[in-house]
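Colleague: Before we discuss details, could you put the model on the screen, so that I can put my questions to you one after another?

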Amino acid sequence: MQDPPRPATGYPYPYPYPNPQQPPPTNGYPNPATGTAYPYQNHNPYYAPPQPNPRAVILRRLFIVFMTFLLILGLILLIFFLIVRPQLPDVYLNSLSVSNFNVSNNQVSGKWDFQVQFRNPNSKMSLHYETALCAMYYNRVSLSETRLQPFDQGKKDQTVVNATLSVSGTYVDGRLADSIGKERSDKGSVEFDLRMISYVSFRYGAFRRRRYVTVYCDDVAVGVPVSSGSGKMVGSAKRCKTY
């Protein structure tokens, strides 16, 4: 007579027994009965999902914050400039006269008196002009320079500035001296170029914006014939170009 079978001994089964009420999970393969697939489930109690790199997470979050800040700042500046619309000042040369003008032996002497009018076209911003450098040119050659004192302008304000440029016996190229003499003899006038350079601060409340502004008053004809060393600007006031 044989002994009854003994129960098997050994290590217990490491995985939980399947529940007959639920279909067993698969590794993503379709179920032939239903045509659907169950997501893969790892029942290993010692399995731990990989953790993200903390440094990469911090860098990614900082990048998102930085880009958001730039986007908000750009939007604020766009709205501000659409509302305020800063404009460059309008500059007019009201008058220009020359006296004691003489060109001989490649030397130029003379005195220029001019009046410039600055207009602030901005209705919401005031302007501050720092020391402006003024120069008188002929054919892109500087003959004399001077500086204007700083001044402020309110909204839609106008400011008239008088200044003087002078030169005594400065050397010029022979072709330049001949060109001035030819203009005086043919036209009875000489065309000068007045240039001004200054830093201008645009002010709106606590907002400040400093810009480098250049003014060009070119081809200004001054009636100074050969027989006289004095003359005035031909025509009325001239609007200058600002950049």
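Colleague: What percentage of the 243 residues in the protein chain is buried?
Modeller: This is a predicted model, and a residue is called buried here when its relative accessible area is under 20%. Counted in that way over the 243 residues of the protein chain, the buried share comes to 28%.

Colleague: How many helices and strands does the protein chain have, and in what pattern do they follow one another?
Modeller: The secondary structure comes to 2 helices and 12 strands. Read along the sequence, these elements follow the pattern α-β-β-β-β-β-β-β-α-β-β-β-β-β.

Colleague: Which element gives the largest share of the largest nonpolar core?
Modeller: That core has 42 residues, and those with the most contacts inside it are Leu93, Leu96, Trp112, Phe114, Phe192 and Met196. In soluble globular proteins, nonpolar side chains tend to be buried together. The largest share of this core, 6 residues, is contributed by strand E8.

Colleague: Is the pair of tyrosine 138 and phenylalanine 192 stacked or edge-to-face?
Modeller: The structure holds 9 aromatic pairs, and in this one the ring centres are 6.3 Å apart with the planes at 65°. Tyrosine 138 belongs to strand E4 (residues 132-138) and phenylalanine 192 to strand E8 (residues 190-204), so that the pair links distant parts of the chain, 54 residues apart. Both rings are buried, tyrosine 138 having a relative accessible area of 0% and phenylalanine 192 one of 1%. Because planes over 60 degrees apart meet the criterion, the angle of 65° makes this pair edge-to-face.

Colleague: Which residues form one aromatic cluster with Tyr138 and Phe192?
Modeller: Tyr138 and Phe192 are two members of a cluster that holds further aromatic residues. The others in the cluster are Phe101 and Trp112.

Colleague: Over the ring of which residue does the charged end of arginine 119 sit?
Modeller: The charged end of arginine 195 sits over the ring of tyrosine 137, 5.3 Å from its centre. For arginine 119, the distance to the ring centre is 4.4 Å, and the ring is that of tyrosine 92.

Colleague: How many residues apart in sequence are the parts tied together by arginine 239 and aspartate 90?
Modeller: The structure holds 5 salt bridges, and one of them joins the side chains of arginine 239 and aspartate 90 at 2.9 Å, N to O. Arginine 239 lies in strand E11 (residues 238-239) and aspartate 90 in strand E1 (residues 90-104), so the parts that the pair ties together are separated in sequence by 149 residues.

Colleague: Is glutamate 130, the salt-bridge partner of arginine 210, exposed or partly exposed?
Modeller: The closest N and O atoms of arginine 210 and glutamate 130 are 2.9 Å apart. Arginine 210 is in strand E9 (residues 207-222), whereas glutamate 130 is in the loop between strands E3 and E4, 80 residues apart. Arginine 210 is exposed at 51%, while glutamate 130, with 25% relative accessibility, counts as partly exposed.

Colleague: What separates aspartate 186 and lysine 182 along helix H2?
Modeller: These two residues form a salt bridge, with their closest N and O atoms 2.8 Å apart. Because they are 4 residues apart in helix H2 (residues 174-186), the separation is about one helical turn.

Colleague: What is the area of the nonpolar surface patch that includes Phe66?
Modeller: Phenylalanine 66 lies in helix H1 (residues 54-84) and, at 47% relative accessibility, counts as partly exposed. Together with Phe63, Ile64, Met67, Phe69, Leu70, Leu73 and Leu77, Phe66 makes a patch of about 770 Å².

Conventions:
Residues are numbered from 1 along each chain as its sequence is written. This is a predicted model: local features need pLDDT of at least 70, side-chain atom pairs count only at pLDDT 80 or more; totals for chains, interfaces and linings use all residues. Side-chain values use heavy atoms; hydrogens and water are left out. Patches are made of residues with over 30% relative accessible area and no salt bridge: like charges are joined within 9 Å, nonpolar side chains (Val, Leu, Ile, Met, Phe, Trp, Tyr) within 5 Å. Accessible areas come from the Shrake-Rupley method with a 1.4 Å probe; for residues, only the protein chains shown count as cover. A salt bridge is a side-chain nitrogen of Lys or Arg within 4 Å of a carboxyl oxygen of Asp or Glu. Buried means under 20% relative accessible area, exposed over 50%, partly exposed in between (1.4 Å probe, protein chains only). Rings of Phe, Tyr and Trp (its six-membered ring) pair if their centres lie within 6.5 Å; planes under 30 degrees apart count as stacked, over 60 as edge-to-face and the rest as tilted. A charge sits over a ring if NZ of Lys or CZ of Arg is within 6 Å of the ring centre and within 35 degrees of the ring normal. A nonpolar core is a set of buried Ala, Val, Leu, Ile, Met, Phe, Trp, Tyr and Cys residues joined through side-chain atoms within 4.5 Å.
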